[in-house]
Amino acid sequence: MRGFTMVEMLVSLGIILIITSIVLLGQDRFNKNLVLVDTAYTVAFTLRQAQTFALSSRKFQTTQNAGYGVHFTKGSFTSYTLFADTVPSAPGNGQGGLCPGHVAQTGLESRPGNCEYNGSAELVTTYNLNHGFKVSGFCGFPKVGLQQCIIGDLDELHISFLRPNTQAVMLGERAGSLVELTSAKIYITSPDGENRCVNVSKVGQIAVGNC
């Protein structure tokens, strides 16, 4: 019987090393993609949590039946905020303390907020992203049927939910002015540049998908 020659052994070893490298690289890419998807679903879950809090009339401090929302800020790539919508707009700002498209009600359906995040007085929780993952951007659609997210230079994005509806109120802010949106897209980016998007529609649908 003839044994393996040195050349044959080296060739075999090289093949094994190549296959092992391919498997390990593929596994690493799969793991990173899995974490990216999980991060996007975490953001989507926070939006769903805000919707649930609003529908269930969760009390915030002394305010009952407040709306709840999630706030994203340009530049705060690694964090976003869950808030209770309890601070009305200042008189004379065009909203009168009401969310766009909604009528003031009293009693059990009272909604005192303005569908914006107004700082620490409304803060419920700040969520932080880790391991290099970030909210790299967001944009909105001001009209139904548009195929492109045309407001890509927003400074802030407020997504709120008000009882008793499952619908979302989405406000984009740029240069201090607000525009009401029919849908919004939040970009979640991994350290190696891969993206997933969290899509929110005015009817309250929240979904994770490719950008």
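**Why the labels fit: a predicted model, asked and answered**

Q: What makes C197 and C211 a disulfide?
A: Their sulfur atoms sit 2.1 Å apart. The cut-off for a disulfide is within 2.5 Å, so the pair qualifies. Keep in mind that this is a predicted model.

Q: Why is the disulfide of C197 and C211 said to tie together separate parts of the sequence?
A: C197 lies in strand β9 (residues 195–201), while C211 belongs to the segment after β10 (206–209), so the link joins parts that are 14 residues apart in sequence.

Q: What is the handedness of the disulfide of C197 and C211, and how do you know?
A: The torsion about its S-S bond is about 110°, so this disulfide is right-handed.

Q: Is C197 buried or exposed, and how do you know?
A: Its relative accessibility is 0%. Buried means under 20%, so C197 counts as buried.

Q: How many disulfides does the structure hold, and what makes C139 and C149 one of them?
A: There are two disulfides in the structure. The sulfur atoms of C139 and C149 are 2.1 Å apart, and they link distant parts of the chain: C139 is in strand β4 (residues 134–141), and C149 is in the loop between β4 and β5 (156–161), ten residues apart. With 110° about the S-S bond, the link of C139 and C149 is right-handed. Both C139 and C149 are buried.

Q: Why is T81 called buried, or should it be called exposed?
A: T81 has 10% relative accessibility. Set that against the limit of under 20%, and T81 counts as buried. You'll find T81 in strand β2 (residues 79–85). Not counting residues up to four places away in sequence, T81 touches G69, V70, H71, Y117, L123, T125 and T126.

Q: What about G137: is this residue buried or exposed, and how do you know?
A: G137 comes out at 18% relative accessibility. That is under 20%, so G137 goes down as buried. G137 has its place in strand β4.

Q: What does G137 meet from elsewhere in the chain?
A: Leaving aside neighbours within four places in sequence, G137 is in contact with K185, I186 and Y187. The C-alpha atoms of G137 and K74 are separated by 6.9 Å, and these two are 63 residues apart along the chain.

Q: Which residues make up the lining of the largest pocket, and where do they come from?
A: The lining consists of V35, D38, T39, T42, Y80, Y127, N128, L129, N130, H131 and F133. Helix α1 (6–55) and strand β3 (123–128) each supply at least two of them. The largest share, four residues, is from α1.

Q: What kinds of residues line the largest pocket, and how much space lies in it?
A: Sort the lining by type and you get five nonpolar, five polar and one charged. Tyr counts as nonpolar, so Y80 and Y127 go with the nonpolar residues. About 170 Å³ of space lies in this pocket.

Q: Stepping back, what is the pattern of the protein along its sequence?
A: One helix and ten strands make up the secondary structure. Along the sequence they read α-β-β-β-β-β-β-β-β-β-β.

Q: How much of the protein counts as buried, and how much area does it expose?
A: Of its 211 residues, 39% count as buried. The protein exposes about 11600 Å², with carbon and sulfur atoms supplying 58% of that.

Key: Residues are numbered from 1 along each chain as its sequence is written. This is a predicted model: local features need pLDDT of at least 70, side-chain atom pairs count only at pLDDT 80 or more; totals for chains, interfaces and linings use all residues. Side-chain values use heavy atoms; hydrogens and water are left out. Helices (H or I, at least four residues) and strands (E, at least two) are DSSP runs, numbered from the N terminus. Buried means under 20% relative accessible area, exposed over 50%, partly exposed in between (1.4 Å probe, protein chains only). On a 1 Å grid over the protein atoms alone, a cavity is a set of points where a 1.4 Å probe fits but cannot get out, and a pocket is an open set with protein on both sides within 12 Å along at least five of seven lines; lining residues have an atom within 4 Å of a point. Grid points are joined across faces, edges and corners, and a volume is the space filled by probe spheres set on the points. Accessible areas come from the Shrake-Rupley method with a 1.4 Å probe; for residues, only the protein chains shown count as cover. Contact means heavy atoms within 4.5 Å.
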